[in-house]
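Colleague: I'd like to learn how to read pockets and surface features in a model like this. Could you walk me through it?

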Amino acid sequence: MNSPLLEVKDLKKHFPIKKNKKFSRETTYVKAVDGVSLSINPGETFGLVGESGCGKSTLSRLIMRLIPSDSGEVYFNDNNFLKLSGKLLREQRKDIQMVFQNPYESLNPRMTAGEIISSPFQIHDVLKKTERITKVKELLEMVGLSKRYINRYPHEFSGGQRQRIGIARAIALNPKLVICDEAVSGLDVSVQSQILNLLIDLQKEFQFAYLFISHDLSVVKHMSDKLGVMYSGKIVEMGNSEDIYINPQNTYTQKLLSSIPIPDPKIKRNE
């Protein structure tokens, strides 16, 4: 049996809360991530769902090493990812990329779409300049944008188009794992559907794995093979996405499912 692409073991991150020392000398902590373990196989989508503040985004940043962990282990590509440094870390970083939540903040407003998408090539010194331009145009069209947009700036795009640019940047180096942190939460429902379908199509073509993070259980279920439900820094339920959706065991999961609106078949939409 092949080993997982990503394996997280007992990962923890506690943030200290500052108190008025005049009244208390004790330090208390917010347990943002409190002993999380999960694994993702090559080409698989692991959905992570939970309400805002449960620790989902902190977990993604710990995995990416954007913030340091307090304890625990992350194995990626059979390497102890948290222990890597120098050239080895640089090599592994090419294989794990991220699509951030807010397309209005995650793109540098002073860079063109072409510069944003080609930045991974420059960081990792991949391809010659002329090859980069050709590849960027291919990536633009791959995510449903015209190659003529290569010299446009972020303010010239809609939110959905900006997120497509973020996706193009994330897949530029053909990674093995893409972390989508609330990648569609700020978009209109119709645009959300388009972006989700794009992500599914790209996965079919390039066979990378997703860690798909969202507060919306119906969206995660649509995307995921496996599902983890996170509450107060811990994963309280994990298993096959369909099984959890049909027969949730944890009371918190049941609460999330009960909050999903069910359309009334008696109500007909105006065509």
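Colleague: Let's start with the second largest pocket: which element gives the most to its lining?

Modeller: One thing up front: this is a predicted model. To read a lining, ask which elements supply its residues. Here α6 gives the most to the lining of the second largest pocket, with four residues. Both α6 (189-206) and α7 (217-223) supply at least two residues each.

Colleague: Okay, and which residues line the second largest pocket?

Modeller: Val189, Gln192, Ser193, Leu196, Asp216, Ser218, Val219 and His222. Sorted by class, that lining has three nonpolar, four polar and one charged residues. The volume of this pocket is about 220 Å³.

Colleague: Now the top of the ranking. What volume does the largest pocket have?

Modeller: About 380 Å³. Lined by 14 residues, it has Met64, Gln97, Pro120, Ile123 and Arg169 as the closest to its centre. The elements giving two or more residues to this lining are α2 (86-93), β6 (96-99), α3 (113-123) and α5 (159-171).

Colleague: How many nonpolar, polar and charged residues does the lining of the largest pocket have?

Modeller: Eight nonpolar, three polar and three charged.

Colleague: Met64 came up there. Is helix α1 mostly covered or mostly open?

Modeller: For a helix, you count how many of its residues fall under the burial cut-off, which is 20% relative accessible area. In α1 (residues 56-64), seven of the nine residues are buried, so by that cut-off the helix is mostly covered. The buried ones are Lys56, Thr58, Leu59, Ser60, Leu62, Ile63 and Met64. Just after α1, Arg65 has a positive phi of about 65 degrees.

Colleague: Next, surface patches. Which residues form the nonpolar patch on the surface?

Modeller: Phe15, Ile17 and Val30, with about 230 Å² of accessible area together. Val30 sits in strand β2 (residues 28-40).

Colleague: Why is Val30 called partly exposed?

Modeller: Look at where the value falls between the two cut-offs: under 20% is buried and over 50% is exposed. Val30 has a relative accessible area of 41%, so it is partly exposed.

Colleague: And Ile133: where is it found?

Modeller: In helix α4 (residues 129-142). Ile133 counts as partly exposed because its relative accessibility is 41%.

Colleague: Last one, on sequence versus space. How many residues apart along the chain are Ile133 and Phe81, and what separates their C-alpha atoms?

Modeller: They are 52 residues apart along the chain, and 31 Å separates the C-alpha atoms.

Key. Residues numbered from 1 in each chain as written. Predicted model: local features only at pLDDT ≥ 70, side-chain atom pairs only at ≥ 80, totals over all residues. Heavy atoms only, no water. Patch = residues over 30% accessible without salt bridge, like charges linked within 9 Å, V, L, I, M, F, W, Y side chains within 5 Å. Areas by Shrake-Rupley, 256 points an atom, 1.4 Å probe, with all protein chains shown as cover. Salt bridge = Lys/Arg side-chain N within 4 Å of Asp/Glu carboxyl O. Buried < 20%, exposed > 50% of the residue type's maximum accessible area, 1.4 Å probe, protein only. 1 Å grid on protein atoms, 1.4 Å probe; cavity = no way out; pocket = protein on both sides within 12 Å on 5 of 7 lines; lining within 4 Å. Points joined across faces, edges and corners; volume = space filled by probe spheres on them. Nonpolar A, V, L, I, M, F, W, Y, C, P; charged D, E, K, R; others polar.
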